[in-house]
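Biologist: Could you pull up the model so we can go through it together? I have a handful of questions ready.

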Amino acid sequence: MRPSPLVRTRAKELRQTQTPAEKAMWGLLREHRLEGLKFRRQYPIGIFIVDFCCCERRLVVELDGEVHDTSSQQAWDENRDIYLQQRGFKVLRFRNEAVFNDPDSILQRIHEAVR
């Protein structure tokens, strides 16, 4: 399913207004820095926009801040993950704090997921 023009426009807006955690994560993933893999940021997949995606390995990386702590948001995230998994994507979720406090463990988990 090709993303609608509205979803593509929103993805572009999100790329221009990244959170500090997204900026830090992008610094780790951009320019093929992880095993030569190409990651895209704020990438539309169907009706959703994921934080980071390696299309080649069908891997989605999501960063979760405090907004993801509510039960309604957790239910939304779970349904979204199911949607992505049904389309062949593996989804990894990390807390925003982990990007700043333990980026090596995040990169290790991503490394393991793409092997």
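Biologist: Let's start with Glu31: is it buried or exposed?
Modeller: Keep in mind that this is a predicted model. The cut-off for exposed is over 50% relative accessible area. Glu31 has 53%, so Glu31 is exposed.

Biologist: Which residue forms a salt bridge with Glu31?
Modeller: The partner is itself partly exposed, at 47% relative accessibility. The closest N and O atoms of the pair are 3.0 Å apart, and the residue bridging to Glu31 is Arg33.

Biologist: His32 sits in that stretch too, so to speak; what is its phi near?
Modeller: His32 belongs to the loop between helix H2 (20-29) and E1, and it is partly exposed, with a relative accessible area of 44%. Most residues other than glycine have a negative phi. His32 isn't a glycine, yet its phi is positive, near 60 degrees.

Biologist: And Gln42, which has a positive phi as well: is it buried or exposed?
Modeller: Gln42 is not a glycine either, and its phi is about 45 degrees. This one is found in strand E1. Buried means under 20% relative accessible area. Gln42 has 3%, so Gln42 is buried.

Biologist: How many salt bridges turn up in a search of the whole structure?
Modeller: We've already met one of them, between Arg33 and Glu31. Another joins Asp64 and Arg93. The search of the whole structure gives a count of nine.

Biologist: Take Asp64 and Arg93, then: how many residues apart are they?
Modeller: Their closest N and O atoms are 2.7 Å apart. The pair links distant parts of the chain, with Asp64 in strand E3 (residues 59-64) and Arg93 in strand E4 (residues 90-95). Along the chain, the separation is 29 residues.

Biologist: How exposed are those two, and which of them is buried?
Modeller: Arg93 has 21% relative accessibility, so it counts as partly exposed. Asp64 has a relative accessible area of 9%, against a cut-off of under 20% for buried. The buried one is Asp64.

Biologist: Which parts does the salt bridge between Arg93 and Asp77 tie together?
Modeller: The closest N and O atoms here are 3.8 Å apart. Arg93 lies in strand E4 and Asp77 in helix H3 (residues 71-86), parts 16 residues apart in sequence, so the pair ties together E4 and H3.

Biologist: Which residues are joined into one network by salt bridges that share partners?
Modeller: Arg93 bridges to Asp64, and Arg93 also bridges to Asp77. Asp77 is buried, at 6% relative accessibility. The full network is Asp64, Asp77, Asp81 and Arg93.

Biologist: Staying with helix H3, which residues does Arg80 contact, leaving aside its neighbours within four places in sequence?
Modeller: Arg80 lies in helix H3 and is buried, with a relative accessible area of 6%. With those neighbours set aside, its contacts are Phe48, Ile49, Val50, Glu62 and Arg93.

Biologist: Now the sheet: which are the edge strands?
Modeller: Four strands make an open sheet with mixed pairing, in the order E1-E2-E3-E4. An edge strand pairs on one side only, and that picks out strand E1 (40-45) and E4.

Biologist: How many bridges join E3 to E4?
Modeller: The two strands run parallel. Leu63 stands opposite Phe94 in E4. The number of bridges joining E3 to E4 is six.

Biologist: Which strands does helix H1 touch as it packs on the sheet?
Modeller: H1 covers residues 5-16, and its direction makes about 165 degrees with that of E1. H5, for its part, lies across E3 and E4, running at about 175 degrees to E4. The strands touched by H1 are E1 and strand E2 (48-54).

Biologist: Last one, Arg115: with which residue does its side chain make a polar contact of 3.2 Å?
Modeller: Arg115 is found in the segment after helix H5 (103-114), and it is exposed, with a relative accessible area of 64%. Its C-alpha atom is 8.9 Å from that of Arg57, 58 residues away along the chain, and Arg57 is one of its contacts. The side chain in that polar contact with Arg115 belongs to His111.

Key. Residues numbered from 1 in each chain as written. Predicted model: local features only at pLDDT ≥ 70, side-chain atom pairs only at ≥ 80, totals over all residues. Heavy atoms only, no water. Buried < 20%, exposed > 50% of the residue type's maximum accessible area, 1.4 Å probe, protein only. Contact = heavy atoms within 4.5 Å. Polar contact = N/O pair within 3.5 Å; in protein donor to acceptor, adjacent residues only side chain to side chain. Salt bridge = Lys/Arg side-chain N within 4 Å of Asp/Glu carboxyl O. Pairing = 2+ DSSP bridges. Axes fitted to C-alpha atoms, helices over the stretch in contact; angles between N-to-C directions.
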